[in-house]
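User: Please take me through this structure by way of a few questions. I am new to it and would welcome reasoned replies.

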Amino acid sequence: MAVLLRTTTCATATTTGSSSTLLATTFRRGRRLLPARASPARRAFAARASAEPLEVCAKASITVPDRLGDCPFTQRVLLTIEEKNLPYALKLVDLANKPDWLLKINPEGKVPIVKLEDKWVADSDVITQVLEEKYPQPSLATPPEKASVGSKIFSTFIGFLKSKDTSDGTEQALLIELTSFDSHLKDNGPFINGEAISGADLSLAPKLYHMEIALGHYKNWSVPDSLANVKAYMKTVFAMDSFVNTRALPEDVIAGWRPKVMG
């Protein structure tokens, strides 16, 4: 196999269980013998593929056993790892029953957490920055002037999702942010930084996935056809192998947002 509200972690689960859960799966890309004159980039890829997998702690699904849960910040980290062709061992944790070992390595009990050089690193912002510095190729760096593109979509989506007043302006606030993003894509696309995918895309894409599923389920709402560039962008990033490998089940996304909708 191909193998932020300013929030960058997931801390809670929707339901409780009777015991802590730790599940582990290792994803390792296939290795091939390289010719004697293989390029430095290909040799770097081979070295990464043969390295020990990164340990990644992530939220477990609450609807299906042995599946990844619905944390968009964890998906951002996993997308980064996948796009950099790094092997990883995924440890799924029941956040409703946080195990002692998780609280020992991260007293806040939040995920994602990644073990890098014998040190556990928390917070998706920090993790992705460290990964970019440690594994600079392929580069996922986003120019500073484009790093905040689409950054307000997630918070306005949450505001609209939680709203019980159709006239409170929350839908319009989301549409304003999506329209601004559509204009950016029209002038700079197909991705945030042009032709190549970058870290900004890997941060935004999971949030758009949650927006599509949650608003479709709870409000029968979808991105308007007039925002053709946004719709094309979502279709493209959602179809990437790395995204398919790391996406949450729709049932988990729906269950994960239920407390905010019903609260």
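User: Which residues in α10 do Y209, H210, I213, A214, H217 and Y218 in α7 meet?

Analyst: In this predicted model, local features need pLDDT of at least 70 and side-chain atom pairs count only at pLDDT 80 or more, while totals for chains, interfaces and linings use all residues. Residues are numbered from 1 along each chain as its sequence is written, and side-chain values use heavy atoms, with hydrogens and water left out. Contact means heavy atoms within 4.5 Å, and helices are DSSP runs (H or I, at least four residues) numbered from the N terminus. The α10 residues met by this part of α7 are P250, V253, I254, W257, R258, V261 and M262.

User: How are α7 and α10 oriented to each other?

Analyst: Helix α7 (residues 199–219) and helix α10 (residues 250–262) have axes, as lines fitted to C-alpha atoms over the stretch in contact, that lie 9 Å apart. Their packing angle, on a scale from 0 to 180 degrees between N-to-C directions, is about 65 degrees. Angles of 65 to 115 degrees count as roughly perpendicular. The two helices, α7 and α10, are therefore roughly perpendicular.

User: Is helix α5 largely enclosed or not, and which of its residues are buried?

Analyst: Buried means under 20% relative accessible area, with a 1.4 Å probe and protein chains only. Seven of the ten residues of α5 (residues 153–162) are buried, so this helix is largely enclosed by the rest of the structure. Their cover includes α2 (72–83), α6 (170–188), α7 and α10. The buried residues are I153, F154, T156, F157, I158, F160 and L161.

User: Which helix gives the most to the largest nonpolar core?

Analyst: A nonpolar core is a set of buried Ala, Val, Leu, Ile, Met, Phe, Trp, Tyr and Cys residues joined through side-chain atoms within 4.5 Å. The largest one has 52 residues, and F157, F181 and M211 have the most contacts inside it. At least two residues each come from α2, α5, α6, α7, α8 (228–238) and α10. With eleven residues, the helix that gives the most is α7.

User: Which residues does F157 contact, leaving aside neighbours within four places in sequence?

Analyst: F157 is one of the buried residues of α5. Beyond those neighbours, its contacts are L174, H210, M211, A214, L215 and W257.

User: How far apart in space are P206 and V237?

Analyst: P206 lies in helix α7 and counts as buried because its relative accessibility is 0%. P206 and V237 are 31 residues apart in sequence. In space, C-alpha to C-alpha, the distance between P206 and V237 is 9.3 Å.

Terms used:
Parallel < 35°, antiparallel > 145°, perpendicular 65-115°, else oblique. Buried < 20%, exposed > 50% of the residue type's maximum accessible area, 1.4 Å probe, protein only.
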